[in-house]
Amino acid sequence: MSWDPDRYEAWFDTPEGRYALDREIMLLQDVLAGWPRRKRKILEVGCGTGLFLETLYQMGLDVTGMDRSPEMIEAARTRLGNRAELHAGNGEHMPYSENEFDYALLWSVLEFAEDPEAMLVEAARVAEKGLLIGFLNKNSLYYFLNIRGTDSSMARAHWFTWCEMQDLIHQATGFRPTLARSVLAGPMKTWKSTGLANLANGHLLPPALGAFVAVRVDFTNMKPLTPLFAWKSEPEMG
C-alpha cells in the first residue's frame with residue numbers, strides 16, 4: 001500500500017481526525033508512563049510523518065524513526081529536523097543491531113505489514129526492554145459501522161481482534177502483554193469533544209472495547225513464556 005504524506009496529514013486536520021489523534025496520544029502517554037524515559041532510546045517502526053515521534057520526543061525519549069516510504073521519511077524530517085534519526089527501510093528486515101534500542105513502537109503499522117509476525121520479531125530483536133503496540137480493533141463499533149463492507153484502503157488492511165493480537169505477540173516474542181488499554185468506543189460520527197459522545201470516546205477503556213488499542217510488552221525482569229529467539233541460542237557443535 002502506498003502512502004501520500006499530504007493525504008495522511010489531511011485526515012488529522014478533520015474534526016474526527018483531530019479528536020482521534022488526541023485520544024491516541026493520551027493512550028500512548030498512558031501505556032508508556034511506567035517506563036523510564038530520560039536518555040532512553042526508542043525506535044518507531046512505520047513512523048509515517050513523525051506525528052508520534054514528536055510526542056515521544058516531548059516525553060523525553062531519544063527518538064529514531066523508520067518507514068518504508070521515502071516520502072513519509074521526508075515529511076518526518078521536515079517536522080522533526082535534527083531531533084530524530086530517520087531512515088527509510090523495511091520493518092520486517094531492519095539494519096539495526098540486537099538490543100540497539102531500549103524500546104520499539106509499532107503504532108498502527110502491523111495492519112499494513114506483509115508479515116506482521118516477522119515485523120514483531122524484528123522489533124523485539126532490536127528493543128532490549130519492551131515494545132509498545134497500537135492496533136485497530138476488528139471487534140469495535142468503528143469497524144462494523146464505518147469500515148466493514150467498504151472498498152476503502154482501511155477496509156483492505158488486516159484488522160486484529162484483541163485475542164488475535166495477544167496470540168501474535170506471544171508467538172513473536174514469547175511474552176504476554178503487560179498492560180493494554182483502548183479508546184474510541186463509539187462509531188466515527190461520535191468522535192467529538194462535547195456531550196455524551198465524549199463520555200464514550202474520551203476515556204481509557206479495556207482493550208476489547210475501543211477502535212484503537214495500545215499494548216505494552218515488558219521484557220525487563222520478565223521471564224518469557226517460551227524461548228525467545230531460539231535461533232540465537234542453538235547448541236554449539238562439538
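Biologist: In which loop is N99 found?
Modeller: This is a predicted model. The phi angle of N99 is positive, about 60°, although N99 is not a glycine. N99 is found in the loop between β3 (84-88) and β4 (101-107).

Biologist: Is N99 buried, partly exposed or exposed?
Modeller: The relative accessible area of N99 is 36%. Buried requires under 20% and exposed requires over 50%. The value of N99 falls in between, so N99 is partly exposed.

Biologist: What is the phi of L184, a residue other than glycine?
Modeller: L184 lies in the loop between β6 (179-183) and α8 (195-201). With 2% relative accessibility, L184 counts as buried. Its phi is positive, with a value near 65°.

Biologist: Which side chain of opposite charge is nearest to D67, and how far away is it?
Modeller: D67 belongs to strand β2 (residues 62-67). D67 is buried yet has no salt bridge. A salt bridge needs a side-chain nitrogen of Lys or Arg within 4 Å of a carboxyl oxygen of Asp or Glu. The nearest side chain of opposite charge lies 6.8 Å away and belongs to R68.

Biologist: Which residue has its backbone nitrogen 3.4 Å from a polar atom of the side chain of D67?
Modeller: Leaving aside neighbours within four places in sequence, D67 is in contact with G46, C47, G48, M72, I73, H87, A88 and G89. The backbone nitrogen that lies 3.4 Å from a polar atom of the D67 side chain is that of C47.

Biologist: Which residues have the most contacts inside the largest nonpolar core?
Modeller: In soluble globular proteins, nonpolar side chains tend to be buried together. The largest nonpolar core here has 41 residues. Helix α2 (residues 15-32) gives the most to this core, with eight residues. The residues with the most contacts inside the core are L28, L32 and L56.

Biologist: Beyond four places in sequence, which residues is L28 in contact with?
Modeller: L28 is among the residues with the most contacts inside the largest core. Leaving aside its neighbours within four places in sequence, L28 is in contact with F52, T55, L56, L105, W107 and L132.

Biologist: How many residues does the second, separate core have?
Modeller: This core includes V109, L110, A172 and V217. It is separate from the core around L28, and its number of residues is 33.

Biologist: Why is helix α5 (residues 116-126) described as largely enclosed by the rest of the structure?
Modeller: The buried residues are P116, M119, L120, V121, E122, A123, A124, R125 and V126. They pack against β1 (41-45), β4, β5 (127-136) and α7 (162-173). Helix α5 is largely enclosed because its buried residues number nine of eleven.

Biologist: Is the aromatic pair of W11 and F12 stacked, tilted or edge-to-face?
Modeller: A pair of aromatic rings is described by the distance of the centres and the angle of the planes. The rings of W11 and F12 are 6.4 Å apart, centre to centre, with 55° between the planes. Stacked requires under 30 degrees and edge-to-face over 60. The pair is therefore tilted.

Biologist: How does F12 compare with W11: is each one buried or partly exposed?
Modeller: W11 has 31% relative accessibility, so W11 counts as partly exposed. F12 has a relative accessible area of 10%, so F12 is buried.

Biologist: What kind of pair do the rings of Y143 and F144 form?
Modeller: Y143 is buried at 12% relative accessible area, whereas F144 is partly exposed at 36%. Both belong to one aromatic cluster with Y142, W159 and W191. The ring centres of Y143 and F144 are 5.7 Å apart and the planes stand at 80°, so the pair is edge-to-face.

Biologist: What distance separates the C-alpha atoms of F12 and L51?
Modeller: F12 lies in the loop between α1 (5-11) and α2. Leaving aside its neighbours within four places in sequence, F12 is in contact with G17, R18, L21 and L51. F12 and L51 are 39 residues apart along the chain, and their C-alpha atoms are separated by 9.9 Å.

Biologist: What distance separates the C-alpha atoms of P207 and F12?
Modeller: P207 lies in the loop between α8 and β7 (212-218) and counts as buried at 13% relative accessibility. Leaving aside its neighbours within four places in sequence, P207 is in contact with N137, W162, A180, R181, S182 and V213. P207 and F12 are 195 residues apart along the chain, and their C-alpha atoms are separated by 23 Å.

Methods: Residues numbered from 1 in each chain as written. Predicted model: local features only at pLDDT ≥ 70, side-chain atom pairs only at ≥ 80, totals over all residues. Heavy atoms only, no water. Helix = DSSP H or I, 4+ residues; strand = E, 2+ residues; numbered from the N terminus. Buried < 20%, exposed > 50% of the residue type's maximum accessible area, 1.4 Å probe, protein only. Lys, Arg positive; Asp, Glu negative; His and termini not counted. Polar contact = N/O pair within 3.5 Å; in protein donor to acceptor, adjacent residues only side chain to side chain. Contact = heavy atoms within 4.5 Å. Core = buried A, V, L, I, M, F, W, Y, C linked by side-chain atoms within 4.5 Å. Phe/Tyr/Trp six-rings, centres within 6.5 Å; stacked < 30°, edge-to-face > 60°.
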